[in-house]
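Please look over the sequence and the structure shown here before reading on. The report that follows takes up the symmetry, the interface, the sheets and the cores in turn.

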Number of protein chains: 2
Amino acid sequence: MSKAMHAAIAESIREQIRSGELAVGDTLPSESQLCEQWNASRGPVRQALATLRAEGVITGGSGKPPVVCTTSIPQPFDSLLSYSAWAQAIGRTPGQRTLELALRPADHLAASKLGVKEGSPVVQVLRLRYLDGEVTMLERATFVEHVGRLLFDFDCDSGSMWAYLQSRGITFAKASHIIDAVAADQIDSCHLEVPEGAPLLRQQRTARTADGEVVEYHDDRYRPETISFSLENTLDVRTALLRNARS
Amino acid sequence: MSKAMHAAIAESIREQIRSGELAVGDTLPSESQLCEQWNASRGPVRQALATLRAEGVITGGSGKPPVVCTTSIPQPFDSLLSYSAWAQAIGRTPGQRTLELALRPADHLAASKLGVKEGSPVVQVLRLRYLDGEVTMLERATFVEHVGRLLFDFDCDSGSMWAYLQSRGITFAKASHIIDAVAADQIDSCHLEVPEGAPLLRQQRTARTADGEVVEYHDDRYRPETISFSLENTLDVRTALLRNARS
């Protein structure tokens with residue numbers, strides 16, 4: 001079973017939904033029609049449909065024809081990781097102003113998030129992010145030393161660190177995200193132009209390479225009127241978004 | 001292809017990961033072994049594996065054997081919808097104190113969220129929610145009249161409205177969630193015991209029946225030190241969590 005084939009079938013259906021060619025409630029072509037259309041066997045067609053079902057994009061299965069149940073198409077991996085990739089994908093203009101790029105000993109938090117020894121060198125970047133010229137987010141990024149040092153050759157005001165690091169051979173393969181609300185501290189207040197104590201929406205994330213090495217930790221704080229996260233879910237589909245209680 | 005079969009195979013693998021029988025990096029049995037073990041054909045086995053891949057639980061495919069890549073098992077539909085079901089699923093004790101149950105004309109927000117006319121009657125519930133006896137959340141729920149009226153026969157202090165409404169034949173089939181941060185207003189401040197303007201994590205949601213009727217809208221505000229949302233994602237998997245910019 002070719003990976004390209006089932007991925008291509010799934011992406012083509014997502015694209016038809018994105019473009020409005022397929023609307024909510026519309027029935028997809030049958031398995032046999034899709035096989036014929038793609039000159040494919042049942043395997044890749046069924047796998048494509050199973051993926052779209054698991055994403056919550058279509059319902060059906062067990063003999064029932066697949067039906068489009070949302071126009072909310074899941075975003076690919078990089079949209080949650082890269083602010084620049086995300087902004088471009090939604091047709092907006094990302095921007096950034098670097099406030100600090102520093103090599104310094106890891107404090108307790110950075111060390112525990114990156115799995116390095118407290119006091120060992122890490123690279124930290126403080127950047128203000130914009131959307132269409134408006135301030136939206138303050139980004140605090142910490143990189144393990146060998147990855148962070150690559151940024152000394154990069155103009156962090158010029159665009160995506162994520163794209164740059166990928167071009168230098170760092171492959172981000174897995175990420176964990178935690179979303180919560182925090183009160184603006186003095187640094188947030190100064191750069192995001194909100195009062196100290198004001199609510200901010202925070203996305204913390206750690207990213208790993210394919211080998212499992214944690215290479216970066218971000219603490220991104222958004223002005224709350226600019227950004228939200230959303231999710232659609234259905235009875236048939238498990239959602240990867242977990243609600244967690246702090247102990 | 002039996003729906004029960006592929007769902008049962010997927011759930012059994014999830015359970016083995018939950019219990020620690022399968023750890024991150026472990027290889028699953030091969031397709032043929034799974035077929036033999038379940039006395040199943042390739043179809044349901046492949047569909048189960050495709051679902052787990054789309055959930056981000058396993059990697060592999062295209063000839064590579066499936067490998068467990070997370071212990072973070074997606075939560076079922078009701079965990080994001082029902083506070084009580086979620087608390088019980090994580091082994092904590094939910095609690096609630098009803099502050100108000102009211103039949104009143106829909107204001108602009110309620111009307112637009114529920115798709116009813118402004119001024120038409122809706123049922124609104126204000127409840128304080130607890131976890132192991134500690135205040136965590138203030139719940140503002142608005143129901144369309146015919147669903148909300150069912151709550152007049154229910155003791156909202158006794159437990160899950162969601163479970164009660166299901167027992168009365170209301171089937172929640174689809175939900176949309178929006179997560180953001182807001183400043184505590186006077187009502188939040190009074191009941192959640194935080195200063196006005198303090199950050200709260202908010203989950204808004206609308207739930208629909210299988211027929212597509214919007215039956216409830218929630219605005220749930222959490223004390224931010226008690227709750228977070230989290231997500232793991234990988235390069236191969238699309239995530240249903242969207243980051244959104246307000247225009």
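Two residues are in contact if their C-beta atoms, placed from the backbone, lie within 7 Å. The structure described here is a predicted model.

## Contacts and cores

Once neighbours within four places in sequence are set aside, A:Phe143 is in contact with A:Val122, A:Val123, A:Gly148, A:Val215 and A:Glu216. A:Phe143 is also one of the residues with the most contacts inside the largest nonpolar core, which has 54 residues, and A:Val122, A:Leu241, B:Val122, B:Phe143 and B:Leu241 are listed with it. Apart from this core lies another, of 34 residues, and among them are A:Val45, A:Ala48, B:Ala10 and B:Leu49.

As a general background, nonpolar side chains tend to be buried together in soluble globular proteins.

## Symmetry of the two chains

A turn of 180 degrees, with a shift of 0.0 Å along the axis, lays chain B on chain A with an RMSD of 0.1 Å. The two copies are thus related as by a two-fold rotation axis. Within chain B, B:Pro199 has the C-alpha nearest the axis, at 2.0 Å from it.

## The interface

The copies meet through the same surface, because 100% of the interface residues of chain B are also interface residues in chain A. In this interface, 61 residues of chain B are in contact with 61 residues of chain A. Helix 3, helix 4, strand 6, strand 7, strand 9 and strand 10 of chain B each supply at least two residues of the side that touches chain A, and strand 6 of chain B gives the most, with 11 residues. Sorted by class, this side of chain B has 30 nonpolar, 20 polar and 11 charged residues.

Strands from the two chains also pair with each other, since strand 6 of chain A, residues 172-183, is joined by six bridges to strand 9 of chain B, and these two strands run antiparallel. Within this pairing, B:Ser230 in strand 9 of chain B is the bridge partner of A:Ile178.

## A sheet built from both chains

Which order do the strands of the open sheet of eight strands have? The order is 3(B)-4(B)-5(B)-8(B)-7(B)-6(B)-9(A)-10(B), with antiparallel pairing. Strand 3 and strand 10 of chain B stand at the edges, and each has a single partner strand, so one side of each is left without a neighbour in the sheet. On average, neighbouring strands of this sheet are turned by 20 degrees against each other, direction ignored.

At one of these edges, strand 3 of chain B pairs with strand 4 of chain B, residues 121-131, in the antiparallel sense over 11 bridges. B:Pro121, in strand 4 of chain B, is the bridge partner of B:Pro105.

How values were computed:
Residues numbered from 1 in each chain as written. Chains lettered and ligands numbered in written order. Predicted model: local features only at pLDDT ≥ 70, side-chain atom pairs only at ≥ 80, totals over all residues. Core = buried A, V, L, I, M, F, W, Y, C linked by C-beta atoms within 7 Å. Buried ≥ 20, exposed ≤ 12 C-beta atoms within 10 Å, placed from the backbone. Least-squares fit on C-alpha atoms with pLDDT ≥ 70 in both. Helix = DSSP H or I, 4+ residues; strand = E, 2+ residues; numbered from the N terminus. Nonpolar A, V, L, I, M, F, W, Y, C, P; charged D, E, K, R; others polar. Pairing = 2+ DSSP bridges. Axes fitted to C-alpha atoms, helices over the stretch in contact; angles between N-to-C directions.
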